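Let's practise reading charged pairs in a protein model, one step at a time. Have a look at the structure below, then work through the exercises.

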Amino acid sequence: MPSRLKRYYGFGHLHFLTFSCYQRRPLLDMPAARDFFLSSLDEIRNRYHFDLRGYVVMPEHVHLLLSEPPEQTISVALKGLKQRISRDFRGGIPRSNKHSLPVVLRTLAIDLPRFWEPRFYDFNVYTQEKLIEKLKYIHANPVRRGLVDHPAAWIWSSYRFYETGEQGMISIDHPE
């Protein structure tokens with residue numbers, strides 16, 4: 001990430017975010033890990049009340065396209081998400097909710113100094129053209145990486161919603 005990255009909040013823009021696992025390690029390589037990430041993202045979205053317009057969870061990084069939370073910044077919401085994931089994956093105190101991390105994954109990153117890289121990339125999306133460009137980029141990511149032959153085959157993305165209207169593992173918010 002650029003060391004002098006400037007964030008622009010308060011303009012009502014959507015934001016294209018990218019953040020990576022520590023040293024780009026494939027800590028989200030297992031389906032159960034990606035499932036848990038998405039259930040945690042949904043909880044954080046409900047807590048901070050931002051709209052989710054697109055996503056893809058890759059083995060070593062994540063792309064999100066979301067609105068600004070009404071009462072906090074994206075930085076605060078993302079910090080909550082990253083802390084939640086890190087704590088649970090690194091063997092922290094188990095959460096007593098319906099989306100508890102499977103035991104087999106609880107110590108996946110216990111010996112690492114952190115689960116996530118400390119920063120994130122944030123790009124303001126303020127035109128329809130940029131929105132389409134970023135969604136295409138998000139949905140093509142698993143294909144470019146050779147994980148699947150078609151974006152619809154990667155269930156940890158919002159592609160199916162845009163292609164068929166089918167909500168995936170986490171629902172997409174409709175634009176107003």
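**Charged pairs, step by step**

The side chains of E133 and K134 form a salt bridge, with 3.8 Å from N to O. This is a predicted model, in which local features need pLDDT of at least 70, side-chain atom pairs count only at pLDDT 80 or more, and totals for chains, interfaces and linings use all residues. Residues are numbered from 1 along each chain as its sequence is written, and side-chain values use heavy atoms, with hydrogens and water left out.

**Exercise 1.** Work out why E133 and K134 count as a salt bridge, and say how each residue is classed by accessibility.

*Solution.*
- Start with the general idea: side chains of opposite charge can pair when their charged atoms come close.
- Next, take the rule: a salt bridge needs a side-chain nitrogen of Lys or Arg within 4 Å of a carboxyl oxygen of Asp or Glu.
- The N to O distance for E133 and K134 is 3.8 Å, so the pair fits the rule.
- Now accessibility: buried means under 20% relative accessible area, exposed over 50%, and partly exposed in between (1.4 Å probe, protein chains only).
- E133 has 37%, so E133 is partly exposed.
- K134 has 11%, so K134 is buried.

**Exercise 2.** Describe the salt bridge between R87 and D88 in the same way.

*Solution.*
- The N to O distance is 3.9 Å.
- R87 is partly exposed because its relative accessibility is 34%.
- D88 is buried because its value is 0%.
- Finally, look wider: R87 and D88 belong to a salt-bridge network that also links E43 and R84.
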